[in-house]
Amino acid sequence: PNGVTINHTKAVGLDRIHDKFQSKMSRASISSGVVSTAGPILLVQDTSDKPRKTLIVWTPIFAEGFNLVTLDDGKSFENYWGFAEVLLEWDEIMAQMNLYEFFEERNMRFALVEAMEGEDKVVETSEVGDEPPLTRDEAQEALRMQTRENWVLLVDVPPATTGDPA
């Protein structure tokens with residue numbers, strides 16, 4: 001009832017299998033047959049004044065007699081028909097989780113990063129005062145999340161206090 005409608009006209013013809021940003025994950029999803037997640041990204045079809053970050057969740061659909069052969073390397077995906085997908089508004093997910101408030105109340109920081117060759121790409125980060133975003137070197141905990149994008153959740157926990165030192 002409170003969903004947002006987006007005109008998807010600009011996404012017509014988007015070829016996820018050959019798209020430079022989605023190809024690797026799309027092909028891995030077809031090969032494994034499992035649900036995949038990408039994002040948060042700005043959708044090509046979101047032409048609003050304030051584009052929203054979106055999480056895309058999709059699953060491949062297979063049907064007898066359909067086959068996809070990729071144009072670039074000739075890889076064949078037998079019985080692959082297409083994807084069923086759901087678009088989730090990232091800021092709404094974060095708000096419902098109260099993730100920012102949880103960390104702020106505990107004077108903690110977090111950074112969700114995509115582990116990339118050479119450096120991490122920041123996906124989302126919390127802020128505490130004027131402190132810069134959390135880096136892997138500063139994090140006291142690094143939790144690897146099972147996603148196709150190799151996400152890592154970095155957490156900075158304040159030192160425990162033992163009471164009055166006097």
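**Exercise 1. Work out how strands S2 and S3 are joined.**

S2 and strand S3 (residues 76-89) run antiparallel, joined by 12 bridges. Strands here are DSSP runs of E, at least two residues, numbered from the N terminus. Two strands pair if DSSP finds at least two bridges between them. Next, take a partner: Leu68 stands opposite Phe77 in S3. Then the connection: S2 and S3 make a hairpin with 6 residues between them. In that turn, Gly74 has a positive phi of about 70°.

The model is predicted: local features need pLDDT of at least 70, side-chain atom pairs pLDDT 80 or more, while totals for chains, interfaces and linings use all residues. Residues are numbered from 1 along each chain as its sequence is written, and side-chain values use heavy atoms, without hydrogens and water.

**Exercise 2. Classify the ring pair Phe62 and Tyr80, and place it in the fold.**

Start with the rule. Rings of Phe, Tyr and Trp (its six-membered ring) pair if their centres lie within 6.5 Å; planes under 30 degrees apart are stacked, over 60 edge-to-face, the rest tilted. The count comes to 6 aromatic pairs. For Phe62 and Tyr80, the centres are 6.3 Å apart and the planes at 70°, so the pair is edge-to-face. Phe62 lies in strand S2 and Tyr80 in strand S3, so the pair ties together parts 18 residues apart in sequence.

Now accessibility. Buried means under 20% relative accessible area, exposed over 50%, partly exposed in between (1.4 Å probe, protein chains only). Phe62, at 39%, is partly exposed. Tyr80, at 9%, is buried. Finally, ring pairs link Trp58, Phe62, Tyr80 and Phe83 into a cluster.

How values were computed
Helices (H or I, at least four residues) and strands (E, at least two) are DSSP runs, numbered from the N terminus.
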